[in-house]
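Work through these exercises with the structure open beside you. Try each task before reading its solution.

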Amino acid sequence: MTIPRLVVAAPASGSGKTTVATGLMAALRARGLRVSPHKVGPDYIDPGYHALATGRPGRNLDPWLQGEERVVPLFLHGAAGCDVAVVEGVMGLFDGKGDTDFASTAHVARLLDAPVVLVVDAARQSRSVAAVVHGFATFDTRVRVGGVVLNRVGSARHEELCRAALAGIGVPVLGAVRRDDAVFTPSRHLGLVPAAERRGEAVAAVDRLAALVARSCDLDALLRLAGSAPALNASPWDPDPAAGRGVVAVPALDASPRDPDHAAGREVVAVPALDASPRAPGGGRARPVVAVAGGAAFTFGYAEHVELLRAAGADVVTFDPLRDERLPDGAGALVIGGGFPEVYAAELAANEPLRDQVAAFGGPIAAECAGLLYLCEELDGRRMCGRVPGRASMTSRLTLGYREAVALARTPLTRPGERFRGHEFHRTAVAHASGPLFRWADPHHEGGTDRSGTDIGAGRAGAGVRSGVDGYGDALVTASYLHLHWAGSPAVAQRLVSSSRSPSVLR
């Protein structure tokens with residue numbers, strides 16, 4: 001399949017990738033093109049701005065979370081029907097997992113066979129820009145740097161000097177973006193403020209980015225570069241279980257007396273078999289309802305998760321824990337993903353009717369990071385749902401990195417001994433009483449840096465208290481700091497939907 005495409009990369013974080021990539025997406029859409037937005041790595045926030053820029057879901061491409069073999073199929077799935085795809089990179093072009101370039105922007109550019117546009121912060125330099133670009137263009141000849149966009153250019157003379165230097169190394173300048181204090185997106189402890197929390201302001205910011213890139217960059221040259229990408233020899237990813245590439249069909253969680261946990265004397269909860277599920281009016285089995293938390297406090301999620309849930313046979317509805325006092329009617333399972341509950345702890349605590357419903361909910365609950373905090377007994381001293389025996393609090397330290405985890409508990413989504421790849425991204429810690437869900441397969445974890453380049457360390461335990469373990473799991477709850485991409489853990493959605501088909505098991 002042939003999809004015109006390019007990767008927007010940079011020598012380092014903070015160079016202007018998001019400014020240029022988001023502005024380019026919006027500027028191309030303003031030309032009437034159908035633009036497919038993608039982001040290298042696990043980040044949830046940038047894809048929210050990409051979605052505003054293009055009118056399509058922002059999608060992630062991550063070899064660690066999804067598997068190398070799925071990156072191209074997932075790209076083709078997201079780009080179906082589009083005229084061009086723009087992929088925003090992560091960190092510096094060659095920065096990957098640990099001391100390798102695995103899961104780096106360069107790695108994904110090679111997998112996609114896509115040309116790279118290098119965004120270089122030209123502030124406080126002129127001729128030296130050429131040395132930087134030359135180094136990046138020759139460091140790995142498998143990566144094709146097809147052009148440069150100069151960012152934070154101070155004046156016409158400054159631009160002239162930079163262009164003259166780059167002319168000597170044969171890398172074309174495709175744009176020169178002047179410093180513009182009006183183009184600003186607010187940040188806080190985990191990076192940019194999500195677009196969903198500032199909808200009106202975010203739309204205006206994206207419009208300003210589109211205008212900035214349209215007047216500063218050669219859009220025709222960028223489209224020609226995108227059009228130079230060759231055809232991809234792969235089929236689009238398909239979430240449908242019948243396709244055999246998305247969800248893996250597995251039986252529902254069976255915690256009947258035959259379960260080994262029962263024989264070992266461990267506490268179990270009996271879950272009725274699948275054929276006990278409610279029937280639709282026509283006599284067929286009703287589709288189970290999976291309720292997904294949303295709103296300003298829970299903005300993190302991957303588009304493929306909803307697609308996998310629907311392909312597994314569920315109807316997906318959303319609810320807002322800040323505003324809704326009841327769970328959606330007929331909900332058979334809950335998904336409570338990432339976000340910023342610490343910012344909205346007072347409002348979440350004040351919504352006691354919904355907290356009580358979540359506390360009494362009798363179906364499976366899948367919770368990640370923010371969802372884990374919401375299920376705890378307390379968050380920064382404020383009452384939460386109490387489904388997880390632990391107390392959560394904000395900390396000053398950023399925990400960020402790829403993780404490989406081994407399941408310790410049998411839950412609706414996990415089986416003891418199974419391995420999962422994910423990532424952590426938080427500034428909180430949970431003091432647990434019991435029931436860890438995962439142990440880390442790599443006791444040293446992965447080091448890394450935050451957006452400002454601050455070292456965040458390599459030996460951080462996920463929960464911040466019990467070294468080497470993370471989360472909480474029981475017969476209904478699967479909750480941890482570990483963010484998963486379900487396309488890379490394809491049994492998860494099917495297991496959740498299968499266990500949601502059974503009538504509620506009251507606690």
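**Exercise 1. In what order do the 7 strands of the open sheet lie, and is the pairing parallel or antiparallel?**

Solution. This is a predicted model. Trace the open sheet across: the order is β3-β2-β4-β1-β5-β6-β7. The pairing is parallel. Now look at the edges. β3 (59-61) and β7 (173-178) stand there, each with a single partner strand, so one side of each has no neighbour in the sheet. From one strand to the next, the twist averages 25°.

**Exercise 2. How many bridges join strand β1 to strand β5?**

Solution. Find β1 (residues 5-9) and β5 (residues 116-121). The two run parallel, and 3 bridges join them. Within this pair, A9 stands opposite L118 in β5. Next, add the helix. Helix α9 (residues 219-227) packs on the sheet and touches β1, β4 (84-88), β5, β6 (145-153) and β7. The direction of α9 makes about 115° with that of β1.

**Exercise 3. Which residues have the most contacts inside the largest nonpolar core?**

Solution. Start with the count: the largest nonpolar core has 68 residues. Those with the most contacts inside it are F75, L93, L112, L150, V290, W486 and L496. Helix α4 (residues 68-79) gives this core its largest share, 6 residues. A second core is separate and has 43 residues, including V8, M25, L219 and F340.

**Exercise 4. Which residues does L93 touch, leaving out those up to four places away in sequence?**

Solution. Go along the chain. L93 touches A9, A10 and P11. L93 also touches S104, T105 and A106. Further contacts of L93 are V116, L118, F136 and V143. Two of these residues have appeared before: A9 stands opposite L118 in β5.

How values were computed
Residues are numbered from 1 along each chain as its sequence is written. This is a predicted model: local features need pLDDT of at least 70, side-chain atom pairs count only at pLDDT 80 or more; totals for chains, interfaces and linings use all residues. Side-chain values use heavy atoms; hydrogens and water are left out. A nonpolar core is a set of buried Ala, Val, Leu, Ile, Met, Phe, Trp, Tyr and Cys residues joined through side-chain atoms within 4.5 Å. Buried means under 20% relative accessible area, exposed over 50%, partly exposed in between (1.4 Å probe, protein chains only). Helices (H or I, at least four residues) and strands (E, at least two) are DSSP runs, numbered from the N terminus. Contact means heavy atoms within 4.5 Å. Two strands pair if DSSP finds at least two bridges between them. Axes are lines fitted to C-alpha atoms, for helices over the stretch in contact, and angles run from 0 to 180 degrees between N-to-C directions.
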